[in-house]
Amino acid sequence: MLQHVYLIPLIPLAASLLILLGAKEDPRSPMPFLGIAATGWCLLQSIAIFYGAATGELSLPYGADWNWFSFGATAGGKPFLYDMPVGVLIDGSAAVMLVVVTLVSFLVQVYSLSYMRGDPRFKRYYAYLSFFTASMLGLVVSSNLLVTFSCWELVGFSSYLLIGFWFERPEPPYAAKKAFITTKLGDLGLYLALMLIFCQVGSFQIPQIREFVARGFMPAAVATAIGLGILCGAAGKSAQFPLFIWLPDAMEGPTPVSALIHAATMVAAGIYLVAKCYFIFAISPVAMETVAWIGAITALLAATMAVVSYDIKRVLAFSTVSQLGFMMCALGSWGFSAGLFHLTTHAAFKALLFLCAGSVIHAVHTNDMRQMGNLDKKMPITFFATLVGTFAIAGIPGFSGFFSKDMILERVFEHDPRLFVILAISACLTAFYMFRLVFMTFLGQERDLDRYLHAHESPWPMTVPLFVLMALAAFSGWLLDRGEIFTRLVNFQALPGIAPAHEAAHAPAYLTWYVTAFVFFAIYLAFRLYGGSNFREAESIKRRCAPVFNLLERRYYLDDIFLALVGLSDRAARLAFWIDSEVVDRFFVDGWGLLMLALARLCHLFDDNLIDRSVDATGGLSVSLGGTLRWIVRRGLVQEYLLWSAAVMSVLTLLTLPAQRYCLGASVGLGLLAILTLLLVRRPR
Amino acid sequence: MQNLNLLTPEIALCLLGLGLMLADLLLSVRRARLLYHLAWFSCLVALGLVLYAPSWAGAIPGGGALWVVDHMSQFFKAVVLICAILALMLSLPYKPLPDAQAGTFSALLLFSTAGMMFLVSATDLLLVFVALELISLSSFVLAGFERRNRKSNEGAIKYFLFGAFSSAIMVYGISLYYAAMGTTHLTAVGPASPALALAMLFILLGFGFKAAMAPMHFWVPDAYEGAPTPVTTFLSVAPKIATMGVLARVFMVLVPASGMQMTVLLALLAMLTMTVGNTIAIYQDNVKRMLAYSSVAQAGYILIGIVSGNALGLEGVLLYSAVYVAMNVGAFAVVQAVGEHEGSYGLKSFDGLSRRCLPVALVMAVFLLSLAGIPPLAGFIGKFYLFASAIDAGRAAGSGSLIFYALALVGVLNSVVSVFYYMKIVYHMFFLPPRQKEGGAPALAVGPYIYGCLAVTLAAVLFFGLWPESLIAHVKFSAQHLP
């Protein structure tokens, strides 16, 4: 089974190309089913691998490499020929990721059958989705960091295409651009990290890099630099502080896309990458701490911002950022499996929540929660699904989120209590804003009658994925935590001689219930403020704390700060332009031109007066010489010819015998005689 | 030591010439043109014998020390025979030649050719003189062959008188040579005595008459203008080439000019020849006369190679001789076609030739450009070799280098001047409207013989211009093994 694992990214890629190039745009085109089938096949494969790994039938990690090309390189001052391989590496985390990606992708594609029906670019949408799936799977299975990076860029590109899918509207292209550029900013760090890795190790192969680190060849300082570079890339892709500004705007894309890319899979790629390179972070405490603190800060900031947002998708987006912060923080606190566990459960319930949001938006055609309300009767399935997802994310005991979040909190408490406090507050905020969402959307009274009347439950392609995800959101935590299946599967292989990964939680047991109590309090608070039909109390609080709300609504001014930075670079560009046009162009280029012009004038003068004159002179000389020579034979008398010959001959004789005076005299005499004779016979006949 | 077998081609040619005269008596006038065919076939036979012969290494003397046969002599003999064949080809369609004397005409041409073949082999002044006289006497008659044409008569007479004059000078030179050396055999001499120097000068002037070098060039325009055009063609190439061959042999190999302190004299002669030819040509409005002066100038260019006196110069002389034959014969073939058609050789006959017969006009332009030495045509390669030899000699000469550089400079300047009158013909051909006759300007009718000549010469000019290596290799081969 594993020897054909390389097909997992290739089949969706083939499907994507087929869909894109193989058919015309047609609403009834069966092409989407091609993409669904491809992803379905991958899903079955992934589940088989996961099952085999979980039961111990398959021994992981599995790796296979094929040579791609060779190039001469230098690492550590030694030149060598590097055979660049392209290969697969399946370990526990990859097996989990495969299931997550293929499952969500499959469900989202089914869901989109209904959600995107009637879109003028229906076929292209599926081609993009398949392409994204292929890129993401390639990222997951690749054993070569450079190939991983290529796929990393390709998912960014697919994300760009899909955020800007409705490019006729003004916002999506802007959002797509913003997402792409912001992510790229992070990729810069990742790229530098990759180069540093190659300079150090001389290979892009993860097993070899791991071996290199395990033997202690990599200095801690270099590991720190590499780790921070990877973190930079991960922060861009996984929307960590301060690069998370793009994710809320990315909600301009179709909602299923948000569910797939900006909730479950692509944004998890950063977490996944950090997990893949965990052995580098393991030897660098600085990098580790940075990861933890970045995660914690992100979790808190995003949660606070979610509290004040009225856009249902934005709330979910902030929530996603916040949850990603949880994962990052867990990884930074030596909670390797905790972070990945949360990634898995989060994928399920966040995809569920996004699809529910999509269902709601599909029904009422707005994102604004203030125009919803009392939809629970109209859309019971969606309501129920949302409720399950909310229970899961809020960490209500028994639901999946409870298990994973609990694992993280225990781990973080062990590592650093300060981080624990931050995360606990974030967890309470999570419960608060999620129930706020539920109350505002489904309970209370309808606030927009028109929209309320038109609302309806979604058709089956949209509800069936909801049921599947509901089941997963509810039970996956329990299932995977049972007997510590997940921990066994993805456990970080500790490096020998390095700080051991102390995964086992020793946190006091009451901690969980302590936090859970606060969570319930937060839910109560949400009910008090948003449970009714009008939000008078909430509004009054908002009025009283206007500056705080303002700060949150403006997203801590991070967007403005970035814009200011962009403005700075704009200024710099203007300055550069000014220098270019005023100094370089005017002084150097124009000056050079003027200099050349002057030189050209000089040349012209020279040409005109010296060259041309001499040419004219040559011509004139030739003409006058020819005229003279012709004149002397103008009569065509043969005796004249002979005399002229004799005359020239005399001169030649003179030249022949310069030393002989008598000959000279004779020659001169002869010449004179000849000329004299000539003159004598000049008289015309 | 007689080695008479070495003279097989010459003997064969003479016998065939005599045979032609006999055949003339037997053939009726109507079939007289057959004699031209026999004549060129005779030349072809001789050419075959010449080309068959040179499989020996080195130079083989014959007749005591009267002549020598080596690769260079064979080269010039082959070129001269090719000239004769081309001239006979051009004679075939030429109307003014009387059919009744076809045998005489072709026999004289063959004798003249035989004389040139003797000349290029000669190493003894006696044979040189006899060969020259053979050439001259035949040529005098050929030049005056259009008996009804007064111009032809005038040209022939002038040619004859000038020939007599130059023969006298040459004989005087030979007698001085004999007086100084006690032999007529050309051989390396010690320091020049005044009598010997004078002898060499007079001999040189005697050669100058045949090669149309200044100051012995005065007969050229008149004789060329008056002579039947095929004869003009022949006279403008064959004797000149043959004379250049013997000049090269005498002044570069047997009695080197540098040893006689004659380099400066020769250089002055070359400069004078080029300048006189080119400058007077500017004023000519008769194309035959213009090309006559042009041929004077061309002789001056070839003389540069002889003045240089190095291997490059010798190769240049050979190379330019071959190339000159191609381009000059080609140009004269066009002149003959146009002149016969128009009844006049004036520049105006060429007006609008491009509109009357574009191929001929284009071909003429190619020949003229080649004569002017424009790359990538053969004339450029030849001139390049000659000028390069002068520069080379200047570099080798040290203190006396100035004259060589001056020579090269004058050569280049003269090339510039020559472009002017060559392009005048091109201007008339391409930029002036055809002269209006009643019924419009008739298209130029060109016969197959002329077309054949043009094709051969054009091919040579283009081929040797674009791929000169083949000719250069041949020339290098021919210029080795000199006595």
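Let me start with Gln240(A), which sits in the loop between helix 8 and helix 9 of chain A, where helices (H or I, at least four residues) and strands (E, at least two) are DSSP runs numbered from the N terminus. Gln240(A) is buried, having 30 other C-beta atoms within 10 Å; by buried I mean that 20 or more other C-beta atoms lie within 10 Å of a residue's own, by exposed that 12 or fewer do, and by partly exposed anything in between, with C-beta atoms placed from the backbone. Before going on I should say that this is a predicted model, in which local features need pLDDT of at least 70 and side-chain atom pairs count only at pLDDT 80 or more, while totals for chains, interfaces and linings use all residues. Residues are numbered from 1 along each chain as its sequence is written, and chains are lettered from A and ligands numbered from 1 in the order in which they are written.

What does Gln240(A) touch, once its neighbours within four places in sequence are left aside? Its contacts, meaning residue pairs whose C-beta atoms, placed from the backbone, lie within 7 Å, are with Ala234(A), Ala235(A), Ile294(A), Gly295(A), Thr298(A), Leu324(A), Gly325(A) and Met328(A). With Gly325(A) the C-alpha to C-alpha distance is 6.6 Å, although 85 residues separate the two in sequence. That loop also holds Pro242(A), between helix 8 (220-237) and helix 9 (246-249) of chain A, and the peptide bond joining Phe241(A) to Pro242(A) is cis, with omega at about 0°.

Staying with chain A, there are 27 helices and 2 strands, and buried residues make up 49% of its 685 residues. Of its contacts between residues at least 6 apart in sequence, 80% join residues at least 24 apart. The largest nonpolar core, a term for a set of buried Ala, Val, Leu, Ile, Met, Phe, Trp, Tyr and Cys residues joined through C-beta atoms within 7 Å, has 215 residues, and those with the most contacts inside it include Leu98(A), Ile271(A) and Val274(A). Beyond its neighbours within four places in sequence, Val274(A) is in contact with Ile230(A), Leu231(A), Ala234(A), Phe281(A), Val291(A) and Leu331(A). Another core lies apart from that one, with 209 residues, among them Tyr36(B), Cys43(B), Leu458(B) and Val475(B).

That brings me to chain B, which has 18 helices and 2 strands and in which 61% of the 483 residues are buried. Its mean pLDDT, the predictor's confidence in each residue on a scale from 0 to 100, is 89, and 96% of its residues reach 70 or more.

Helix 9 of chain B, residues 229-254, has 26 residues and reaches 36 Å from its first C-alpha to its last, close to the 38 Å expected at 1.5 Å a residue, the expected span being 1.5 Å times one less than the number of residues. This helix has a kink of about 30° at Leu235(B), shortly before the proline Pro239(B), where the bend is the angle between axes fitted to the seven residues ending at a residue and the seven starting there. Because 25 of its 26 residues are buried, helix 9 of chain B is largely enclosed by the rest of the structure.

Now, two backbone details. Most residues other than glycine have a negative phi, and most peptide bonds are trans. In the loop between helix 7 and helix 8 of chain B, Ala212(B) has a positive phi near 60°, and Ala212(B) is buried, with 29 other C-beta atoms within 10 Å. Pro215(B) lies in the loop between helix 7 and helix 8 of chain B as well, and the Ala214(B) to Pro215(B) peptide bond is cis, with omega near 5°. In chain A, Tyr557(A) also has a positive phi, of about 60°, but Tyr557(A) is exposed, with 12 other C-beta atoms within 10 Å.

Finally, how many residues of chain B are in contact with chain A? There are 24 of them, meeting 24 residues of chain A. Helix 6 (150-181) and helix 16 (402-431) of chain B are among the helices that each supply at least two residues of this side. By class, the side of chain B that touches chain A has 20 nonpolar, 2 polar and 2 charged residues, counting Ala, Val, Leu, Ile, Met, Phe, Trp, Tyr, Cys and Pro as nonpolar, Asp, Glu, Lys and Arg as charged, and the others, Gly among them, as polar. For the complex, the predictor gives an ipTM of 0.84 and a pTM of 0.56.

Key
Two residues are in contact if their C-beta atoms, placed from the backbone, lie within 7 Å.
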